[in-house]
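Grab a pencil and work through these exercises one at a time. Try each task on your own before you read its solution.

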Amino acid sequence: VLPICAEIEAEIAQMDKEIKASIADMGCEIVSFDGSKIVNIGKDAEENPLRAIITNRVYSGPKENTTEKGVVEVHQCTIPIGKNAVVFTLMSDGEPTTLDRVVVFEEIINSFVVVTPAPVPVETTEGTETTPAE
């Protein structure tokens with residue numbers, strides 16, 4: 001887990017709040033939700049990290065808002081790119097299969113290769129600025 005500036009921490013907390021509200025608005029109940037975190041992903045995560053927001057949650061509720069089993073398991077990776085983002089989402093009804101969905105999901109997000117370094121947020125007395133990674 002990477003250290004993050006207060007502004008980004010607040011944005012992630014707001015995102016988690018919106019996820020919880022959305023689940024409640026569907027008439028569903030959260031079974032598990034640890035909160036989002038920023039992690040390094042990608043093939044070169046040690047030398048040239050790609051930062052992503054990882055969010056995992058399980059919720060249950062009416063079949064019309066979940067699955068035939070009444071449960072939804074979500075693993076989500078959001079890669080911010082300026083004001084845009086690339087988002088990968090694994091959704092499942094939680095039924096056991098011969099395929100380990102989470103392992104495949106993690107293999108996909110860890111297969112990325114960073115072509116150009118991402119900006120690194122830096123807290124200053126004026127607020128948050130971004131500087132190119134070195």
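Accessible areas here come from the Shrake-Rupley method with a 1.4 Å probe. Keep in mind that this is a predicted model.

**Exercise 1. The whole chain**

Task: Find out what the accessible surface of the chain comes to, and how much of the chain is made up of buried residues.

Solution:
- Step 1: Start with the surface, which comes to about 8800 Å². Carbon and sulfur atoms own 53% of that surface.
- Step 2: Now turn to burial, where the cut-off is under 20% relative accessible area. Of the 134 residues in the chain, 28% are buried.
- Step 3: Finish with contacts between residues with a separation of 6 or more. Among these contacts in the chain, 44% join residues 24 or more positions apart.

**Exercise 2. The order of elements**

Task: Count the helices and strands, then write down their pattern along the sequence.

Solution:
- Step 1: You should get 2 helices and 7 strands.
- Step 2: Reading along the sequence gives α-β-β-β-β-β-α-β-β.

**Exercise 3. Two charged pairs**

Task: Work out how many salt bridges the whole structure has and which side chains meet in them.

Solution:
- Step 1: Recall the general idea: side chains of opposite charge can pair when their charged atoms come close.
- Step 2: A search of the whole structure turns up 2 salt bridges.
- Step 3: One of them joins the side chains of E68 and K63, at 3.6 Å from N to O. E68 counts as exposed because its relative accessibility is 63%, and the cut-off for exposed is over 50%.
- Step 4: In another, the side chains of K69 and E95 meet at 3.7 Å, N to O. This pair links distant parts of the chain, 26 residues apart: K69 is in the loop between strand 3 and strand 4, while E95 is in the loop between strand 5 (84-92) and helix 2.
- Step 5: Check exposure for this pair too. K69 has 48% relative accessibility, so K69 is partly exposed. E95, at 35%, is partly exposed as well.

**Exercise 4. Buried or exposed?**

Task: Decide whether T78 is buried or exposed, and list its contacts beyond four places in sequence.

Solution:
- Step 1: Locate T78 in strand 4 (residues 71-81).
- Step 2: T78 has a relative accessible area of 14%, so T78 is buried.
- Step 3: Setting aside neighbours within four places in sequence, T78 touches A52, I53, A85, V86 and V87.

**Exercise 5. A loop residue with a distant partner**

Task: Find which residues G27 contacts once its neighbours within four places in sequence are left out.

Solution:
- Step 1: Look in the loop between helix 1 (6-25) and strand 1 (29-33), where G27 sits. With 47% relative accessibility, G27 is partly exposed.
- Step 2: The contacts are G61 and P62.
- Step 3: Compare sequence with space: G27 and P62 are 35 residues apart in sequence, yet 7.1 Å apart from C-alpha to C-alpha.

**Exercise 6. A patch and a pocket**

Task: Name the residues that make the nonpolar surface patch of about 240 Å², then see which elements supply at least two residues to the lining of the second largest pocket.

Solution:
- Step 1: The patch is made by L99, V104 and I108.
- Step 2: I108 belongs to helix 2 (residues 101-109), and I108 is partly exposed with a relative accessible area of 39%.
- Step 3: Move on to the second largest pocket, which holds about 170 Å³ of space. Its lining includes K37, I54, H75 and F105.
- Step 4: Strand 2 (37-41), strand 3 (50-60) and helix 2 each supply at least two of the lining residues.

Notes: Residues are numbered from 1 along each chain as its sequence is written. This is a predicted model: local features need pLDDT of at least 70, side-chain atom pairs count only at pLDDT 80 or more; totals for chains, interfaces and linings use all residues. Side-chain values use heavy atoms; hydrogens and water are left out. Patches are made of residues with over 30% relative accessible area and no salt bridge: like charges are joined within 9 Å, nonpolar side chains (Val, Leu, Ile, Met, Phe, Trp, Tyr) within 5 Å. A salt bridge is a side-chain nitrogen of Lys or Arg within 4 Å of a carboxyl oxygen of Asp or Glu. Helices (H or I, at least four residues) and strands (E, at least two) are DSSP runs, numbered from the N terminus. Buried means under 20% relative accessible area, exposed over 50%, partly exposed in between (1.4 Å probe, protein chains only). Contact means heavy atoms within 4.5 Å. On a 1 Å grid over the protein atoms alone, a cavity is a set of points where a 1.4 Å probe fits but cannot get out, and a pocket is an open set with protein on both sides within 12 Å along at least five of seven lines; lining residues have an atom within 4 Å of a point. Grid points are joined across faces, edges and corners, and a volume is the space filled by probe spheres set on the points.
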